[in-house]
Every structure is written in C-alpha cells, then in structure tokens.
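I opened a fresh page for this protein and wrote down what I looked up, entry by entry. Have the model open beside you as you read.

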Amino acid sequence: LAALLCAAACCVASIARAERVVTLEEAQARAVATHERIRAAEAAQQRAEVAPWRAVSAMAPSVKDRVGYTREKEQISFPTDIAAALPGFNPVVVAQDEVRNVLAIGQPLYVHQFWALREIGKAEVQQSDEVYRAAKQDVLLSVAAAYYEVLRAQALEEVAQQTLAMSDVQVQHASERVHAGEAVQSDVLRAQTEKARAEQRIAETRGQVEIAYDQLRRLAALDGDFAVTEPAPRAMALGSVDGFIRSAHERNPDLKIRQANVQAARGEEHRREAELYPSLGLDFAYQNINHDTFADRNDFWTLVVRAQIPIFESGGSHWLDVSEQKAVVSQKESETAGFERDMEVDVRRAWVTVRTLEAKRIAADEALRLAGESYRMLSEQYTAGVATNLDVLTALTSLSLARADDASIRYASGFARIQLERVAGTLDEVTP
C-alpha cells in the first residue's frame, strides 16, 4: 500500500509540474519542421533543381555584343611605286578614331553532351530527394530514441521510488521486531542499507531523466516543462523477414543515394565520351563601324555553319579522362553492391532484435509477476516470524530488478520496431 501511495504521489507531482503532454508524433512533427539537417537537405534539393537545365543550356543560343574603340597613332603611307602600279589607289591611310560594334550570335545545332548532361541532372535530382528522405527518417529515428529514453528513465526513477518506499516499510518492520525481541539489530542495518541503495538509484535516475529531456527538447525544439506518454505499439507482420528486405531494396534512402551516385558517375562518363564526338553549330555576326575600309565594312554580316570534329587534343587527355571515369564508375558500383549486402544483414539483425525483445518482454512480464508474488509472500512470512529479513531483502532486490528489466525491455522493444522501419526505408511511410 505504501508503494502504491508513493507511486501515485510521484505521478501527481510529475503531472502538476508539467504544463502539457507531448506525444511522440507531435515531437517528431516539430523536429521535421525545425531541425537544421532537414533545412539543409531542402536547400540541397533547391540547388539540384538547377541541374537538369544544364542540358538545355548546352543547346541554347549565346548572344554577345562587343564594342571597341581604336585610336591609331599615325597615318600609314605605302610606297609610291605601289601607288603608281594601281591607278586610283590612295597610298595614304589617314589616322582616325575607329568605333566598332559587333553583335555575335552562336546557336549549337547538335552537341552530343546534351544527353549525358540530362542524365547527370536527373541523377542529381534523385540523389537530393533521397538525401532529404534520409535526413527526415534519421531525425524521426533520433526523436524516437530520445522519446523512449525519457520514458525509460522515468520508469527507472519510478522503480527506484517504489523500492525506496518498500525499503522504508522493511526498516519499520525490522525495527518493530527488534523492539519486540524477535529480531536482531543487523536486520535493521540490512534494511537501511537497501534503503540507501534505493536513494542512490533515485539520484542516478533523476539525472538520466534530466539529460533525456534536454536531448528531446533539442531535437524537437521544445521549451518549458512537458510530459510524455507511452506511444501505442506499432503493428508489424513479423512472421518473415523477406518483406522487410524487399522493402529495403526498394525504399531504403541510403541505398537510393548510392544508386543515384552510380547514375551520376555513369552520366559523367558519357559526358566525357561525348567530348570526343563531333559538334555542329551556327555563328552569326553583324558589324557596325564608323569608318569603312576595304577589309572592314559597315553594316555587314556573316553567317557561318560550323562543324567541329575532335581528332587529337591536349595530348589525348580526353581519352585519359574517359578511362579514369570508367574506373570511378566501377568503384562506385562495387561499393553500392557491398552496401546492399550489408543492408540485408542490418535488416535481418533489426528483425531478429524486434522478435527477441518481444519474447523477452513476455518473459519479463512473467518474471515481474513472480517476483512481486514472491516478495509479498516473504513479507507476510517475515511478519509472522517464518522468513528471515535477508529473504525479504533479497526478494525486494529481485522485484526491483524485475521492474527495471520490464521497463527497459518494453521501451527497447518499441524503439526496435522504429529502427526496423528505418533500415527497411518505411519510417513515416507504409509498413511492409
């Protein structure tokens, strides 16, 4: 009865000092809305949106307007024999100020890099989307870890409070029996020792509660006092691991990021190969000049159809670039294949952990029931003078450990299910 009263008092005090109750879903929603990592991922998405336009810009026209002013130092005089040989030719070129304006327009007709640039742009957009998904799921997982740690620390503090209350009862019983001449002083000392240990555990668990709350406040951007409540169990079909492995191959964002990196590397390989292909384009120029000459005409335009065929440039460096990028693609493909196999192991490990903790939770519930019954029986027997004080304190210790194990396993089981969703790529999505 004393233990129940103490637990009720602790619960009332906790509710009184807490201004509101924050659910796990609310904490996760606040974290998604405010966490810096997600904001950075959103900025990366905005940057990646520009990537597909690189292919369009490679085929877009370019327009330049060049304006020049030339100041000639002195006039030029040709020899008189040349002037005599060319009737009507003025042998003197008068020095004058020249103002020239040239409008140049270039229009690519075919650039083979267009296809590779488009491939790279798509890969960068896909990669940025998966980076955002990975950031979001990691934040959700971190909030869940902090939330369940708060619940676990509070449960351990409550266990310590209950143990302290029971220790007080045992100290009182032992003192009464010593005064009645039915027990020795060592029984009181043992009970007081157990009480001191319970007080030590209370101090330790209070510190854990404060740290857990601080971490949750940081992740979810929470201020002030608040309380947490145990989330409802997440329903999962744990009969087979195959569905989770299949889901991880299809939706795990970390795997998708690596696959997008491979696609971007292949696109870069194709872009470097495209530099070895011919290109075709048009060049148009229109010129205005304030002084005509026989070589430079005012109000004059030219149109050139340009075909460029690479034969051997920069000592064959383009061929070296292609070979280098082929090796990069091979490296990334091998790394992605290795990550995929490791991911399958991680999914199996997470699945086994969930099943193991579920079995342990059932066993812990039974152990708690038996430990409580054993403590109750021994306490009654000690009062009747049948059991010893050492038997009762041993049962009390077993009950305290059973309560702590039951709380730790219960919350570890809840968090393990969220971890399984993360490695399967379904966190905050449809469970497989």
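**Entry 1: ground rules.** Before naming any helix, I note that helices here are DSSP runs of at least four residues, numbered from the N terminus. I also remind myself that this is a predicted model.

**Entry 2: one turn of α9.** I started with arginine 272 and glutamate 268, which both sit in helix α9, four residues apart, about one turn of the helix. Their side chains meet in a salt bridge, 2.9 Å from N to O. Are these two buried or exposed? Both arginine 272 and glutamate 268 turn out to be buried.

**Entry 3: from α9 to α10.** Next I followed glutamate 273, which forms a salt bridge with lysine 326, with 3.2 Å between the closest N and O atoms. Glutamate 273 belongs to helix α9 and lysine 326 to helix α10, so this pair ties together parts that are 53 residues apart in sequence. I checked the exposure of each partner: glutamate 273 is partly exposed at a relative accessible area of 23%, and lysine 326 is partly exposed at 41%. I then looked for salt bridges that share partners, and found that they join Glu268, Arg271, Arg272, Glu275 and Glu324 into one network.

**Entry 4: another link between these helices.** Arginine 266 pairs with glutamate 333 in a salt bridge, the closest N and O atoms being 2.5 Å apart. The two come from distant parts of the chain, 67 residues apart: arginine 266 is in helix α9 (residues 253–274) and glutamate 333 in helix α10 (residues 317–383). Why do I file arginine 266 as partly exposed? Its relative accessibility is 28%, and the class runs from 20% to 50%. Glutamate 333, at 33%, is also partly exposed. A note to self on the principle: side chains of opposite charge can pair when their charged atoms come close. For the whole structure, my search gave 31 salt bridges.

**Entry 5: helix lengths.** How far does α10 reach from its first C-alpha to its last? I get 94 Å for its 67 residues, close to the 99 Å expected at 1.5 Å a residue. Just after α10, glycine 385 takes a positive phi of about 85°. I did the same for helix α7 (residues 185–220): its 36 residues should span 52 Å at 1.5 Å a residue, and the end C-alpha atoms are 53 Å apart, which agrees. Alanine 221, just after α7, has a positive phi of about 55°.

**Entry 6: two glutamines.** I looked up glutamine 137 in helix α6 (residues 113–179). Glutamine 137 counts as buried because its relative accessibility is 3%, and the cut-off is under 20%. Leaving aside neighbours within four places in sequence, its contacts are Pro253, Arg422, Gly425, Thr426, Leu427 and Glu429.

Glutamine 287 lies in strand β7 (residues 279–289) and is buried too, at 14% relative accessibility. Which side chain does glutamine 287 join through a polar contact of 2.9 Å? That partner is arginine 100. Beyond its neighbours within four places in sequence, glutamine 287 has contacts that include Asn101, Val102, Asp296 and Phe300.

**Entry 7: around arginine 100.** Staying with arginine 100, I checked its distance to threonine 70: they are 30 residues apart in sequence and 8.2 Å apart in space, C-alpha to C-alpha. Threonine 70 is in strand β2 (residues 62–71) and is partly exposed, with a relative accessible area of 37%. Setting aside neighbours within four places in sequence, threonine 70 is in contact with Gln96, Asp97 and Glu98.

**Entry 8: the surface.** I found a nonpolar surface patch of about 470 Å² made by Leu109, Tyr110, Trp115, Leu280 and Val305. From that group I picked tyrosine 110, found in strand β5 (residues 97–110) and partly exposed at 36% relative accessibility. The protein exposes about 24400 Å², with carbon and sulfur atoms supplying 57% of it.

**Entry 9: the whole protein.** To finish, I jotted down the totals. The protein has 11 helices and eight strands. Of its 432 residues, 36% are buried. Among contacts with a separation of 6 or more, 83% are between residues 24 or more positions apart.

How values were computed. Residues numbered from 1 in each chain as written. Predicted model: local features only at pLDDT ≥ 70, side-chain atom pairs only at ≥ 80, totals over all residues. Heavy atoms only, no water. Buried < 20%, exposed > 50% of the residue type's maximum accessible area, 1.4 Å probe, protein only. Contact = heavy atoms within 4.5 Å. Areas by Shrake-Rupley, 256 points an atom, 1.4 Å probe, with all protein chains shown as cover. Expected span 1.5 Å × (residues − 1). Patch = residues over 30% accessible without salt bridge, like charges linked within 9 Å, V, L, I, M, F, W, Y side chains within 5 Å. Salt bridge = Lys/Arg side-chain N within 4 Å of Asp/Glu carboxyl O. Polar contact = N/O pair within 3.5 Å; in protein donor to acceptor, adjacent residues only side chain to side chain.
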